[in-house]
Amino acid sequence: MKIRVLGAGAGGGFPQWNCNCRNCDGVRKGTLRALARTQSSIAVSGDEQNWILFNASPDILQQIRSFPELQPARALRDTAIAAIVLIDAQIDHTTGLYMLREHRKPWPVWCTAGVREDLSVGNPIFGVLGHYAGIDWRELKLGEPFAIPSVAGLHLAALPLTSNAPPYSPHRDRPQPGDNIGVTLIDDASGKRLFYAPGLGEMEAPVWQAMREADCVLVDGTLWTDDEMIRLGASAKTSRAMGHLPQSGPGGMLEWLGELPATTRKILIHINNTNPILDEDSPERAELRARDIEVAFDGMEIQL
Ligand code: MLT
Ligand code: MN
Ligand code: ZN
């Protein structure tokens with residue numbers, strides 16, 4: 001399977017339009033060695049013809065332009081995106097659906113019943129899109145591996161994550177199974193596995209098992225410290241309260257990644273613009289290098 005990172009940034013992207021933190025200011029002025037990143041999305045294919053879009057970012061049009069494989073131009077109106085999977089109902093993962101409204105048929109969108117409810121009631125994108133291409137909802141069930149008919153060569157298995165539903169969800173701060181999922185992608189030919197979870201708030205046993213079974217983990221890299229946003233005065237919430245396990249500190253992502261087999265490829269994704277790992281010259285980035293942990297960037301490709 002081939003995985004293409006379309007956007008490695010968290011909500012807001014990097015630099016964020018109104019942010020003047022050290023990172024955003026530095027990348028804007030060119031005084032910081034760091035790559036700009038668009039908002040959270042990946043594309044995955046088993047045959048490099050048909051692609052699953054994981055999350056529809058507000059930056060989707062720019063992401064499609066920078067990855068021509070998604071636009072094979074076989075007909076007047078055409079796309080290689082054969083299905084869309086939503087891992088939660090957050091703005092940074094769903095707003096791009098509006099930009100895909102010119103599709104010629106209803107979009108096969110795979111998501112849990114909880115995410116569908118949030119996108120029908122709290123933020124009724126699905127209803128609005130009913131006036132355009134429409135949504136052909138396919139219920140994404142947790143547990144057993146399943147195939148997406150229009151995408152050959154891959155199986156998916158979803159598991160619930162304790163993270164957080166969006167502010168407009170009836171279950172905000174009262175997490176329900178299916179508000180956020182992690183997905184294992186299995187290549188039918190090679191048997192290789194990717195575990196993808198850009199919003200991972202707690203390392204529960206089934207999540208840890210999926211990570212240990214994976215050949216590559218592409219996991220939550222939102223914030224370095226739990227109180228990063230509080231110390232900056234950017235938010236009143238800790239990383240954990242927002243549903244994102246911080247990298248540093250006891251029980252943080254680095255400790256967990258350190259327990260994985262040396263052969264597992266370890267990559268952080270959904271990086272918030274305040275995170276010091278974006279600065280390629282920072283001590284935090286050096287620590288990741290020493291631990292053999294990569295930081296995803298827009299355009300990164302992974303072959304499994
Ligand atoms: C999150 O990952 O916590 C959300 O996407 C944040 C946001 O976009 O506001
Ligand atoms: Mn997000
Ligand atoms: Zn910033």
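**View 1. The shell around ligand 1 is made up of no nonpolar, four polar and one charged residue.** Keep in mind that this is a predicted model. Who are the neighbours here? Ligand 1 is surrounded by Gly11, Gln90, Asp92, His244 and His270.

**View 2. Side chains of this shell make polar contacts with oxygen atoms of ligand 1.** Start with Asp92: an N or O atom in the Asp92 side chain is 2.9 Å from an oxygen atom of ligand 1. Next comes His244, with a polar side-chain atom 2.9 Å from a ligand 1 oxygen. For His270, the distance from a polar side-chain atom to an oxygen of ligand 1 is 3.2 Å. Taken alone, ligand 1 would expose 260 Å², and the protein buries 65% of that.

**View 3. Zoom out a little, and ligand 1 turns out to sit in the largest pocket.** That pocket holds the ligand whose shell includes Asp92 and His244.

**View 4. Now for the metal: the zinc ion (ligand 3) is held by Cys19, Cys21, Cys24 and Asn273.** The cysteines each offer their SG atom, while Asn273 offers OD1, at 2.3 Å. Along the chain, the donors follow the spacing C-x1-C-x2-C-x248-N.

**View 5. What arrangement do the four donor atoms around the zinc ion (ligand 3) make?** It is tetrahedral, because the donor atoms subtend angles of 100 to 122°. For comparison, the ideal angle for four tetrahedral donors is 109.5 degrees.

Technical notes: Residues numbered from 1 in each chain as written. Chains lettered and ligands numbered in written order. Predicted model: local features only at pLDDT ≥ 70, side-chain atom pairs only at ≥ 80, totals over all residues. Heavy atoms only, no water. Near = heavy atom within 4 Å. Polar contact = N/O pair within 3.5 Å; in protein donor to acceptor, adjacent residues only side chain to side chain. Areas by Shrake-Rupley, 256 points an atom, 1.4 Å probe, with all protein chains shown as cover. 1 Å grid on protein atoms, 1.4 Å probe; cavity = no way out; pocket = protein on both sides within 12 Å on 5 of 7 lines; lining within 4 Å. Sits in = over half its atoms within 2 Å of the grid points. Nonpolar A, V, L, I, M, F, W, Y, C, P; charged D, E, K, R; others polar. Donors = N, O, S within 2.8 Å, 3.2 Å for Na, K, Ca; no water. Tetrahedral: all angles 85-135°; square planar, octahedral: opposite > 155°, others 65-115°.
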